[in-house]
Structures are given as C-alpha cells and as structure tokens.
Amino acid sequence: MDQDIATILFSEDEILKGIDRVAAEVTTAYRDQDFTVVSVLKGSCIFASDLIRRIPIPLELAFVSASSYGDGTESQGLAVNYLPADGEIEGRNLLLVDDILDTGRTLHQLSGELIRRGARDVKACAFLDKPSRRAVPFHADFSCFEVEDLFVVGYGLDYAGRYRNLPFVGALRPELYSSDEDSTEPAAASAD
Ligand code: XMP
C-alpha cells in the first residue's frame with residue numbers, strides 16, 4: 001500500500017498530538033453536560049476510538065451511516081443508511097464525529113436530520129477539514145487538521161474501500177484514481 005502514497009501528510013505521532021488537543025477542547029466544552037459521540041461510519045471509526053479514549057468525562061457512543069449517490073462524477077445527495085435509536089437522539093447533546101469535512105454535505109445533512117429527530121444540540125468534530133472544497137456552508141466546532149485539496153487516505157479514510165488501515169494520512173497518487181491530470185478527486189468519492 002505504501003507505494004500508492006505520494007506524500008505522507010500527517011505521521012502517527014502528529015495525528016495523536018492533534019487528537020490530544022481536540023480531546024482537551026471537547027472535554028472543556030462538555031465538562032458540565034451529558035453528551036453522546038456519534039461516529040459517522042465507516043471512515044471515522046479509528047479517529048473516534050482514539051478521540052474518546054482521551055476524553056476523561058462521561059460520554060455515550062452511537063453510530064450513524066450515510067452514503068452519497070450521484071451520476072458517478074459528482075455527488076447529488078446523501079442517503080442516510082442508519083441512525084441511532086430515537087431514545088439516543090431525543091433531548092440529547094450530540095457530537096457528530098467524521099473523518100473529513102469536504103463539501104460539507106454529509107455533516108450538514110446529518111446535523112439537520114438529528115435536529116429534526118429531536119436532538120437538543122448537535123456539534124461537529126472533523127478529523128480533517130478541507131475548507132477549499134466547501135459546497136454548502138458548514139463549520140466544524142472542532143477539527144484536528146486542515147488539508148489542502150488533495151485526495152487523502154489512511155487512518156480510516158479509504159479509496160475504493162482500501163487504505164483505511166494505514167496508520168498515517170497520505171495523499172494518494174493521482175494516477176491511481178484519475179486519467180485527468182487536473183483532477184484532485186476520484187470520480188466518485190463515497191461518503192462513508
Ligand atoms: P462531504 O463532501 O460530504 O464529504 O463533506 C464527506 C465524506 O466524503 C469522503 N471524502 C473523502 N474520503 N479522502 C477520502 O478517503 C478524501 O480526500 C475525501 N474527501 C471526502 C469521506 O468519506 C467523508 O466522510
């Protein structure tokens with residue numbers, strides 16, 4: 001797998017330092033409130049598991065799953081595949097945790113859905129933030145690192161289901177996902 005990586009952007013050590021910082025911010029924000037970390041499957045599972053073990057206050061854990069659909073070149077929308085049970089949403093303070101905030105569609109839509117289903121408050125925590133790609137206005141309350149407009153894999157992030165198990169975050173070699181030299185994204189990046 002390593003030969004498919006053009007550049008390592010964040011090493012394992014750098015990742016853990018970024019998570020330490022965000023875990024401290026989350027701990028401060030929720031010190032006096034019950035809250036539930038809602039991990040967006042599949043990409044955020046590694047980040048969420050490292051993050052929650054660095055938050056020394058009570059929390060609950062839940063999962064949500066969504067996938068994008070479209071014409072193969074650009075996402076047209078998002079299908080929510082799985083949500084926490086109503087009792088895990090209604091009246092709760094939720095912290096949505098995702099691997100990357102890219103166009104913003106995933107977290108924007110999931111936040112709206114959780115609020116519609118009765119969540120008391122929804123905040124968002126993204127491991128990576130790619131602000132240059134934002135298509136809908138969305139701001140993460142917490143994020144570990146900003147990345148430029150490169151397709152990144154590792155530490156939970158995949159391309160075609162692979163590379164999630166890399167312990168670092170790297171930029172995938174563009175020739176592996178595109179014949180168009182100007183493209184910075186694969187033809188169809190799924191939202192999981
Ligand atoms: P949006 O555009 O909804 O994207 O903010 C969120 C989801 O899109 C996937 N995504 C990526 N996955 N490398 C990846 O492995 C990337 O550079 C990338 N950009 C977007 C990801 O699943 C994320 O949850």
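Let's start with the sheet: three strands, open, in the order β1-β9-β8, with antiparallel pairing. At its edges sit β1, residues 5-10, and β8, residues 152-153, and each of these pairs on one side only. Please keep in mind that this is a predicted model. For anyone who hasn't thought about sheets in a while, the strands of a sheet pair through backbone hydrogen bonds, either parallel or antiparallel. Here β8 and β9, the latter covering residues 169-172, run antiparallel to one another and are joined over two bridges. If you want a spot to click on, take valine 153, whose bridge partner in β9 is glycine 170.

Let me step back to the whole chain for a moment. It has four helices and nine strands. Read from the N terminus, the order of elements is β-α-β-α-β-β-α-β-α-β-β-β-β. The radius of gyration is 16 Å, close to the 16 Å that the globule rule gives for 192 residues, so the chain is as compact as a globular protein of that length. If you drew a box around the C-alpha atoms along the principal axes, it would be roughly 50 × 40 × 25 Å. Of the 192 residues, 47% are buried. And here is a number I like: among contacts with a separation of 6 or more, 67% are between residues 24 or more positions apart.

Now to helix α1, residues 12-29. Its 18 residues reach 26 Å from the first C-alpha to the last, close to the 26 Å expected at 1.5 Å a residue. Which residues of α1 are buried? They are Ile15, Gly18, Ile19, Val22, Ala23, Val26 and Thr27. An α-helix has 3.6 residues a turn, so residues three or four places apart point the same way. And what do the buried residues of α1 pack against? Their partners are β1, α2 (45-52), β5 (93-101), β6 (121-129), β7 (142-146) and β9.

That brings us to the inside. The largest nonpolar core has 28 residues, and the ones touching the most other members are Phe47, Leu51, Leu95, Phe127 and Leu128. At least two residues of this core come from each of α1, α2, β5, β6 and β7. The largest share, five residues, is supplied by α1. Leucine 51 is a nice residue to zoom in on: setting aside its neighbours within four places in sequence, it touches Ile19, Val22, Ala23, Val97 and Cys125. Ile19, Val22 and Ala23 were on our list of buried α1 residues, too. There is also a second, separate core, with 21 residues, including Leu83, Leu110, Ala126 and Ala191.

While we're talking about buried residues, have a look at serine 111 in helix α4, residues 105-116. Is serine 111 buried or exposed? With a relative accessibility of 13%, serine 111 counts as buried, because the cut-off is under 20%. Beyond its neighbours within four places in sequence, serine 111 is in contact with Leu96, Val122 and Phe138.

On to the charges. Side chains of opposite charge can pair when their charged atoms come close. The structure holds twelve salt bridges, and I'll walk you through a few.

Back in α1, glutamate 25 and arginine 21 form a salt bridge at 3.3 Å, N to O. Both lie in that helix, four residues apart, about one turn. Glutamate 25 is partly exposed at 32% relative accessibility, and arginine 21 is partly exposed at 38%.

Next, arginine 53 and aspartate 50, whose closest N and O atoms are 2.7 Å apart. Here the two ends have opposite labels: arginine 53 counts as exposed at 62%, while aspartate 50 counts as buried at 13%.

Then there is aspartate 192 with arginine 164, meeting at 3.6 Å, N to O. This pair links distant parts of the chain, with aspartate 192 in the segment after β9 and arginine 164 in the loop between β8 and β9, 28 residues apart. Aspartate 192 is partly exposed at 21%, whereas arginine 164 is buried at 15%.

Finally, Glu113, Arg116 and Arg117 are joined into one network by salt bridges that share partners. That's my tour, and I'm happy to rotate the model for anyone!

Terms used: Residues numbered from 1 in each chain as written. Predicted model: local features only at pLDDT ≥ 70, side-chain atom pairs only at ≥ 80, totals over all residues. Heavy atoms only, no water. Pairing = 2+ DSSP bridges. Expected span 1.5 Å × (residues − 1). Buried < 20%, exposed > 50% of the residue type's maximum accessible area, 1.4 Å probe, protein only. Contact = heavy atoms within 4.5 Å. Core = buried A, V, L, I, M, F, W, Y, C linked by side-chain atoms within 4.5 Å. Salt bridge = Lys/Arg side-chain N within 4 Å of Asp/Glu carboxyl O. Rg over C-alpha atoms; globule rule 2.2 N^0.38 Å.
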